[in-house]
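Reader: Hey, I've got a model open and I don't really know where to start. Can you walk me through it?

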Amino acid sequence: MTTNFERARWAEECVRTFADATGIDTIEDAIGDLIANLGHYADEAGLDFLRIAAVGIGHWHLELTDEDSISPLPHVLILIPVVRKLAS
């Protein structure tokens, strides 16, 4: 059984490596920038980043209450509003 503590250590190693490679000062900023860069990578690889992110968030949420859960993932919806520029 993998614990959330172990999952967090794996993530910490990735984020610290990314922060060191990019020179980002804070872990919070590194996490946000890494997520954005994963989106760019997914785009280049022809993957559906928002679907992958929603599945990942679902796993995280489910594991908060049951680290070993085989329950169905919760439905996660990510909405990004489209902002249109007004004509000059």
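Author: Sure! Start with the confidence score: pLDDT is the predictor's confidence in each residue, from 0 to 100. You need it here, as this is a predicted model.

Reader: Ok, so which elements have the lowest and the highest mean pLDDT?

Author: Helix α3, residues 49–65, has the lowest mean at 95. Helix α2, residues 27–44, has the highest at 98.

Reader: And what does the protein chain average?

Author: The average pLDDT of the protein chain is 93, and 99% of the residues score at least 70.

Reader: How many helices and strands are there?

Author: The protein chain has three helices and zero strands. Reading from the N terminus, the order is α-α-α.

Reader: What's the radius of gyration next to that of a compact globule?

Author: The protein chain has 16 Å, while a compact globule of 88 residues would be near 12 Å. Along the principal axes, its C-alpha trace spans about 60 × 35 × 25 Å.

Reader: How much of it counts as buried?

Author: 14% of the 88 residues do. The protein chain exposes about 7400 Å², and 61% of that comes from carbon and sulfur atoms.

Reader: Can we look at single residues? Take E63: buried or exposed?

Author: Buried. E63 has 19% relative accessibility, and buried means under 20%, so E63 makes the cut-off.

Reader: Where is E63, and what does it touch?

Author: E63 sits in helix α3. Not counting residues up to four places away in sequence, E63 touches N4 and R7.

Reader: Let's follow N4 then. Where is that one?

Author: N4 belongs to helix α1. Leaving aside neighbours within four places in sequence, its contacts are E63, L64 and E67.

Reader: Why does N4 count as partly exposed?

Author: Because its relative accessibility is 24%, and partly exposed covers the range between under 20% and over 50%.

Reader: How far is N4 from I78?

Author: They're 24 Å apart in space, C-alpha to C-alpha, with their positions 74 residues apart in sequence.

Reader: New topic: what about D20, buried or exposed?

Author: D20 is exposed, because its relative accessible area is 66% and the cut-off for exposed is over 50%. D20 lies in helix α1, which covers residues 4–22. Its C-alpha atom is 9.3 Å from that of A30, ten residues away along the chain.

Reader: Anything to check in helix α2?

Author: Try A36, which lies in helix α2. A36 counts as partly exposed, at 35% relative accessibility. Between the C-alpha atoms of A36 and F49 there are 9.8 Å, and the two are 13 residues apart along the chain.

Reader: Back to the whole chain. How many positive and negative charges are there?

Author: There are 6 positive and 15 negative charges in the protein chain, and their mean positions are 8 Å apart.

Reader: Last one: what share of the contacts join residues at least 24 apart?

Author: 29%, counted among contacts in the protein chain between residues at least 6 apart in sequence.

Methods:
Residues are numbered from 1 along each chain as its sequence is written. This is a predicted model: local features need pLDDT of at least 70, side-chain atom pairs count only at pLDDT 80 or more; totals for chains, interfaces and linings use all residues. Side-chain values use heavy atoms; hydrogens and water are left out. Helices (H or I, at least four residues) and strands (E, at least two) are DSSP runs, numbered from the N terminus. The radius of gyration is taken over C-alpha atoms; the globule rule is 2.2 Å times the number of residues to the power 0.38. Buried means under 20% relative accessible area, exposed over 50%, partly exposed in between (1.4 Å probe, protein chains only). Contact means heavy atoms within 4.5 Å. Accessible areas come from the Shrake-Rupley method with a 1.4 Å probe; for residues, only the protein chains shown count as cover. Lys and Arg count as positive and Asp and Glu as negative; His and the chain ends are not counted. The place of a charge is taken as NZ of Lys, CZ of Arg, CG of Asp or CD of Glu.
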